[in-house]
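The following account leads the reader through the structure shown below, one region at a time.

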Amino acid sequence: MTGSAVAGSPEASAFPGERPVTPEAVREHNLNELEYGRILELLGRAPTMTELGVFSALWSEHCSYKHSRPVLRTFPTTGPQVVQGPGENAGVLRLPGGWAVAFKIESHNHPSAVEPYQGAATGVGGILRDVFTMGARPVALLNSLRFGPLDHPRNRYLFAGVVRGVGDYGNCVGVPTLGGEVAFAPGYTGNPLVNAMCVGLLRESDLIRAAAEGVGNVLLAVGARTGRDGIHGASFASEELSEKSEARRPQVQVGDPFTEKLLLEASLELITSGLIVAIQDMGAAGLTSSSAEMAARGGVGVEIDTGLVPTREEGMTPYEILLSESQERMLVVATPTRVAEVQRVCEKWELSATPIGRVTDDGIFRVKHHGLTVAAIPGQRLVDDCPIYHPEARESEEARSRRSAVPPLPPKVDLQNALELLLDSPNIASKRWVYEQYDSTVQASTVLGPGGDAGVLRVPGTDFGLAVTVDCNARLVALDPYEGGKAAVAEAARNVACTGARPLGITDCLNFGNPEKPDVFFQFREACRGIAEACAAFDTPVTGGNVSFYNESPTGAIDPTPAIGMVGLLERVERRVPSHFAAPGDDVLILGTTRGELGGSAYWAEIRDFVGGRVPSVDLEAERRLQEFLVAAAGRGLLRSAHDAAEGGLLVALAEAAIGGPYAASGVGAVLDLERYAPRVALEGLLYGEDAGRVVLSADPADGAALAELARAHAVPLFRAGRTGGSALELRAASRVLSWDVEALRRPYFEAIPRRMQHADAERSAGE
Amino acid sequence: MLNVAVVRFPGSNCDFDTLRAAETVGANAYVVWHGDTDLRQADAVILPGGFSYGDYLRSGAIARFSPVMQAVQRHAADGGAVLGICNGFQILCEAHLLPGVLMRNAGLHFVSKPVDVTVERTDTPFTGDYAVGQRLRLPVAHGDGRFLAAADTLRMLEAEGRVVLRYVADTEGSPYQPNPNGSAAHIAGIRNAGGNVVGIMPHPERAADPVLGLADGRGFFTSMAAGKPQPSTAKVLSR
């Protein structure tokens with residue numbers, strides 16, 4: 001156990017009028033007997049109500065990671081490219097030329113379930129602050145969203161509200177949304193997932209940590225005033241959703257992206273001018289966690305007077321001020337001599353900066369209100385001494401048997417017609433309806449926008465760029481958490497490599513159900529094992545992220561969804577490779593091996609109404625070679641397009657490459673012969689199997705020999721399947737010729753989601 | 001060298017992009033704060049995109065009252081070149097430097113995508129390097145871009161040839177809708193009677209560099225750098 005040798009704690013008084021700490025109050029604060037006992041032991045006395053609130057927030061799952069910490073320790077987190085690993089506001093990786101990239105993903109699931117617009121908007125706001133408090137200018141946003149099926153009006157309402165919330169916030173702040181993913185499955189009906197990721201650029205020399213240092217230094221509250229919104233948001237995030245969750249609506253914060261933009265500019269100016277010692281977002285658990293965590297990182301104490309914090313409403317108690325999650329607020333530490341300068345910078349950006357406390361030498365987290373001490377807790381122990389749990393992990397019998405099951409029903413349609421049905425499925429269809437609501441070109445650095453394998457942005461003033469993506473196929477994770485965890489990392493890395501970029505590192509958002517249930521904890525532990533192995537194999541360390549447990553509603557737990565956010569380096573940005581066929585007359589090539597594995601496939605789910613079977617296993621070594629081949633081929637300018645084969649298998653990947661980008665005037669057909677590609681694989685599996693590690697390429701025929709040589713050097717199977725051209729996607733395999741008119745494929749692909757969402761627009765405008 | 005003032009309101013978010021695009025054509029581009037009243041001998045003023053003052057109340061409605069707008073008004077009255085892009089266009093309308101209003105998009109959603117527009121006037125300080133009828137592909141990104149005006153105002157704009165950019169509306173059957181916001185007469189940009197003040201919804205500063213895949217917007221900046229409006233007749237592109 002860490003912490004000082006303080007036996008017990010200084011005295012603290014009840015705030016006038018506050019209720020007594022009863023066993024019932026302890027329960028309401030989601031603290032169990034063991035935890036409350038630990039508090040009594042740690043303080044050497046009973047806590048005040050204010051202190052109980054502080055413990056409740058910091059010892060919530062959201063802040064303490066009490067069920068996940070031992071598992072998270074198994075992630076690889078180091079490497080020569082790592083500037084800052086887990087534990088800070090965001091992870092940081094090294095780029096060429098003194099540049100670095102800060103990035104992080106975080107969930108805002110529960111607020112979005114009860115108030116989709118504000119829940120999603122403030123999720124974006126929080127992740128932006130996590131990145132710019134590192135001294136990085138946000139240059140890209142991504143998001144990973146999950147909803148129940150769109151035939152249900154409530155799901156359409158949530159989907160529309162979340163997309164609008166994500167868009168309005170990021171658009172106003174002026175950060176382009178470069179990618180993301182959206183999926184729909186019954187498991188998310190009561191509990192949608194909203195994960196937001198932000199990527200920022202900084203000079204490595206400007207990196208600043210969130211560690212309070214220097215006894216006597218001043219704590220300042222910067223930005224918006226503190227109101228009563230979001231009190232106990234961190235605790236709300238740490239319990240299952242129920243019918244009562246609707247009453248939590250007042251705990252959902254309200255976002256103000258305009259203030260966020262001012263805060264962004266002011267923070268970056270404070271950091272780059274060297275005026276401040278440390279800075280942290282007042283995010284989950286607000287002032288409490290920001291001050292306690294900064295003090296613990298610096299190995300010091302803090303003293304705050306909540307009476308000095310600017311509030312939005314009269315009569316707020318220290319309890320409310322400490323636990324408010326009002327948005328767009330920062331906690332800044334500065335030396336006393338610099339306070340006036342800090343205030344001048346903030347004033348320029350029309351923000352207030354108010355001294356509210358100081359750094360102390362006694363290691364105590366002390367809170368006063370107009371001089372009355374209402375909380376005094378040993379700071380290091382407050383942050384570190386939450387009990388850590390090692391829950392039982394056991395796969396359910398039902399989950400095991402699903403893996404060995406086979407589809408009971410015949411296909412709804414034949415192999416020819418299945419393609420159109422798959423392209424019309426909202427999971428596979430174009431997400432244009434979504435990303436057109438996000439500004440994807442602000443900052444004038446977008447090289448590849450949404451709609452491809454990964455977004456690519458140029459680093460201004462340099463030759464290089466970044467590729468960014470977020471991925472997870474939750475169906476695979478649900479069926480086999482270990483293989484699904486591997487697959488999520490592999491898909492993210494493949495997407496990054498398809499643009500020509502070398503994968504550098506990941507951030508993860510681990511969305512699971514209640515960890516106290518053995519089958520859920522099994523999913524968590526096994527998925528993390530898969531993620532850790534894949535990250536080690538690809539040399540893409542985990543730089544941070546977020547665990548979101550308790551994603552359960554009365555209908556049960558969500559599908560386990562570990563979303564993997566990845567960043568890659570594209571050394572020559574003008575060599576970026578798009579996803580879609582570029583022109584007629586190019587060679588079409590297939591990279592990787594097809595065994596025709598249909599377990600967990602979209603084809604089985606959509607065409608045979610069956611989610612089950614043995615999922616494809618990911619050969620990590622083969623994946624790594626494939627990534628290296630893609631980076632090398634792109635670097636030499638040998639690729640015209642590259643597109644990962646994922647959901648829907650090889651045929652959907654070919655169709656997507658042919659359909660073309662979202663604003664292409666028309667698609668580009670192809671004539672392909674797969675007779676000799678995988679002769680022993682049945683046609684169903686060849687077309688729709690979801691074997692990992694496959695990519696559809698197109699290239700100038702003149703580069704065929706060079707590509708073949710490169711593939712041999714990397715020991716990657718490369719098959720020349722045919723040529724682009726014509727208006728049809730024509731395919732010869734298993735002694736059959738199948739053909740689809742590309743224009744006829746474009747329609748369902750682009751209209752699947754807008755068609756379903758016409759209802760939502762009607763519902764919304766009727767309500768206004 | 002051409003002096004270009006890029007006005008920064010609280011909430012502007014295309015200010016850096018606009019500055020960079022102006023610099024790439026050799027202009028001396030600098031930021032002028034919303035609270036300043038000195039445009040520092042600007043030859044041209046650009047009001048960049050963004051969400052000035054959070055676009056609270058109505059897009060551009062608060063920005064028009066900021067001190068810098070008095071200077072912009074004087075500059076415009078003296079015949080100085082003014083370009084408003086997106087939110088800047090909204091501000092110019094609110095400030096009555098341009099007629100009409102920009103309303104919520106017809107589809108109610110924010111729209112971010114590339115659109116095709118036709119250049120209709122080359123006798124402005126920002127379009128001289130284009131040819132009349134030239135088709136450009138430029139990004140739009142706005143929630144309030146639907147240009148509307150009273151019927152007689154629209155008639156006047158057409159009669160006086162004050163429509164500078166118009167969305168291409170003939171891509172029937174294409175999977176994307178050509179007019180992104182339902183604006184009257186597919187208007188994407190207009191100019192004032194004097195021709196020196198121009199407001200447009202698309203973002204040329206995001207399409208001024210070939211590495212981004214779109215470079216059709218560069219002409220707005222090269223035209224400005226050339227320094228004088230060109231007659232609105234067919235001409236050879238200088239790009």
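The paragraphs below treat the sheet of chain A, the core, a buried histidine, the interface and two regions of chain B. The model is predicted.

In chain A, six strands form an open sheet with mixed pairing, in the order β1-β2-β3-β6-β4-β5. The edges are held by β1 (82–84) and β5 (177–184) of chain A; each has a single partner strand, so one side of each is left without a neighbour in the sheet. On average, and with direction ignored, neighbouring strands of this sheet are turned by 20 degrees against each other. The edge strand β5(A) pairs in the parallel sense with β4 (residues 137–147) of chain A, over 7 bridges. Within this part of the sheet, Phe147(A) stands opposite Phe184(A) of β5(A). Helix α8(A) packs on the sheet, where it touches β4, β5 and β6 (193–203) of chain A. The direction of α8(A) makes about 180 degrees with that of β4(A).

The next topic is the nonpolar interior. The largest nonpolar core has 330 residues, and those with the most contacts inside it are Val101(A), Val332(A) and Val489(A). Helix α20 (residues 518–538) of chain A contributes the largest share of this core, 11 residues. The surroundings of Val489(A) can be described in detail: neighbours within four places in sequence left aside, Val489(A) is in contact with Ile506(A), Ile531(A), Ala534(A), Cys535(A), Phe538(A) and Ile564(A).

A further site in chain A is His369(A), which lies in strand β12 (residues 364–369). His369(A) counts as buried because it has 24 C-beta neighbours inside 10 Å, where 20 or more suffice. Its contacts, apart from neighbours within four places in sequence, are Phe15(A), Asp305(A), Thr306(A), Gly307(A), Pro318(A) and Val374(A). Of these, Phe15(A) is 354 residues from His369(A) in sequence, yet the two are 8.4 Å apart in space, C-alpha to C-alpha.

The two chains meet at an interface in which 29 residues of chain A are in contact with 28 residues of chain B. On the side of chain A that touches chain B, at least two residues each are supplied by α8 (153–173), α10 (257–272), β14 (446–448) and α26 (742–767) of chain A. The residues of that side divide into 12 nonpolar, 9 polar and 8 charged.

In chain B, helix α2 (residues 67–77) has a buried side and an exposed side. Its buried residues are Val68(B), Met69(B), Ala71(B), Val72(B), His75(B) and Ala76(B). These residues lie on the same side of α2(B) because they cover an arc of only 155 degrees around the axis. An α-helix has 3.6 residues a turn, so residues three or four places apart point the same way. On the other side of α2(B), the exposed residues are Pro67(B), Gln70(B), Arg74(B) and Ala77(B). The cover over the buried residues of α2(B) includes β1 (3–8), β2 (28–33), β3 (44–47), β4 (81–85) and β11 (197–200) of chain B. Just after α2(B), Gly79(B) takes a positive phi of about 90 degrees.

Elsewhere in chain B, 6 of the 8 residues of strand β7 (residues 135–142) are buried, so this strand is largely enclosed by the rest of the structure. Strand β6 (residues 111–119) of chain B runs antiparallel to β7(B), and 8 bridges join the two. Ser112(B) stands opposite Ala141(B) in β7(B).

Key
Residues numbered from 1 in each chain as written. Chains lettered and ligands numbered in written order. Predicted model: local features only at pLDDT ≥ 70, side-chain atom pairs only at ≥ 80, totals over all residues. Buried ≥ 20, exposed ≤ 12 C-beta atoms within 10 Å, placed from the backbone. Helix = DSSP H or I, 4+ residues; strand = E, 2+ residues; numbered from the N terminus. Arc of directions from axis to C-beta. Contact = placed C-beta atoms within 7 Å. Nonpolar A, V, L, I, M, F, W, Y, C, P; charged D, E, K, R; others polar. Core = buried A, V, L, I, M, F, W, Y, C linked by C-beta atoms within 7 Å. Pairing = 2+ DSSP bridges. Axes fitted to C-alpha atoms, helices over the stretch in contact; angles between N-to-C directions.
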